[in-house]
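Dear colleague,

Please find below the structure that I agreed to hand over. My findings follow directly after it.

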Amino acid sequence: QESAYPQRTAFLLRKQWTLYSVTPLYRFSNAHLRDYARLLSAFIAAEKQKGLAVEIGVELDIKVAVSSLPDLKGSDRDQAAILVQLSLRSPASPKNSEEKLIWSGWFCCVSGDDLSDNVPEDFTCLPLFLANGAESYTSIVGSWFQKTFDCCFRRLALSPLNLSWMAAMWTGCKVDKTASAMELVFSVPCLPHPLDISYAIHPEDAKALWDTVQKTPGEITQEEVDVFMDCLYSHFHRHFKIHLSATKLVKVSTAIASAHCDGIIKFLQSQYLTGVLMLLTELAISQIQ
């Protein structure tokens with residue numbers, strides 16, 4: 001599904017986001033975003049007093065903005081995404097001088113109807129949280145949300161199975177520009193030194209293979225994903241005599257997005273943003289339940 005306002009979500013592209021799942025927020029209200037920004041700002045200032053998240057020798061003013069991103073929805077029943085941004089302003093600089101964005105995080109729920117249906121009305125479902133910036137700020141913002149809305153954050157890792165689905169799904173997507181190669185990175189277990197194997201496939205070859213495997217356009221089955229990956233493995237084995245099935249898939253890079261098993265993602269195409277977020281929302285919900 002295409003994002004309705006690509007220019008309003010363009011800043012989400014080509015940045016590295018760390019994934020978290022979040023349990024439903026108790027008594028969260030879109031009407032109070034300004035108040036939340038003020039309270040979070042005070043909380044960060046108090047944490048800085050304790051000597052946390054401070055840049056030594058610099059007196060810095062952290063400004064907090066909390067806003068809504070209504071475009072990031074999969075269905076009308078989804079909650080609007082919530083964006084939290086921290087910017088730095090030095091007191092020495094003029095009041096209206098440029099602020100430097102140092103951290104961003106956003107909550108979203110794209111086609112998360114299953115979760116919303118089963119949650120009491122005092123709760124807001126925004127199960128997927130993505131953060132870009134220093135981990136110290138992620139933990140401060142996370143702890144404020146946990147205390148204020150009685151929710152719980154957990155890192156969302158991506159399994160080799162999740163990554164193989166992403167490889168198959170994104171291979172089948174049409175991309176206008178000359179697409180970059182699809183790259184799969186595998187980690188070889190049980191070695192004294194870490195060894196990764198990188199396997200690059202021309203996007204047209206990958207798409208041609210997927211088109212022979214996929215039976216019903218627009219639908220994907222586990223069997224099709226397995227066949228697709230097995231074909232790639234046997235091609236690799238024919239050339240290099242290495243069994244990739246004995247390794248662990250740790251990263252997938254395509255023209256649509258790239259994803260790492262540690263739960264790190266980069267979005268590369270605005271028109272597929274909601275589609276990728278739908279899959280990530282589903283993974284976040286399955287971790288909560």
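In which strand does Ser21 lie? Ser21 belongs to strand 1, which covers residues 17-22. Please bear in mind that this is a predicted model.

Ser21 counts as buried because its relative accessible area is 3%, and buried means under 20%. Its side chain forms a polar contact of 2.9 Å with the side chain of Gln287. Leaving aside residues up to four places away in sequence, Ser21 touches Pro127, Cys152, Phe153, Arg154, Leu156, Ala284, Gln287 and Ile288.

Gln287 brings us to helix 8, which is made up of residues 273-288. This helix has 16 residues and reaches 22 Å from its first C-alpha to its last, close to the 22 Å expected. Among its buried residues are Ala284 and Gln287, both of which are touched by Ser21. Leu273, Thr274, Val276, Leu277, Leu279, Leu280, Thr281, Leu283 and Ile285 are also buried in helix 8.

Helix 4 comprises residues 135-149. Its 15 residues reach 21 Å from the first C-alpha to the last, close to the 21 Å expected at 1.5 Å a residue. The buried residues of helix 4 include the aromatic side of the list, namely Tyr137, Trp144, Phe145 and Phe149, together with Thr138, Ile140, Val141 and Gly142. Asp150 follows helix 4 and has a positive phi, near 50°.

As to the overall arrangement, the protein chain is divided into domain 1 (10-155) and domain 2 (160-261). The C-alpha centres of domain 1 and domain 2 lie 33 Å apart.

With kind regards

Notes: Residues numbered from 1 in each chain as written. Predicted model: local features only at pLDDT ≥ 70, side-chain atom pairs only at ≥ 80, totals over all residues. Heavy atoms only, no water. Helix = DSSP H or I, 4+ residues; strand = E, 2+ residues; numbered from the N terminus. Buried < 20%, exposed > 50% of the residue type's maximum accessible area, 1.4 Å probe, protein only. Polar contact = N/O pair within 3.5 Å; in protein donor to acceptor, adjacent residues only side chain to side chain. Contact = heavy atoms within 4.5 Å. Expected span 1.5 Å × (residues − 1). Domains from an automatic or database assignment.
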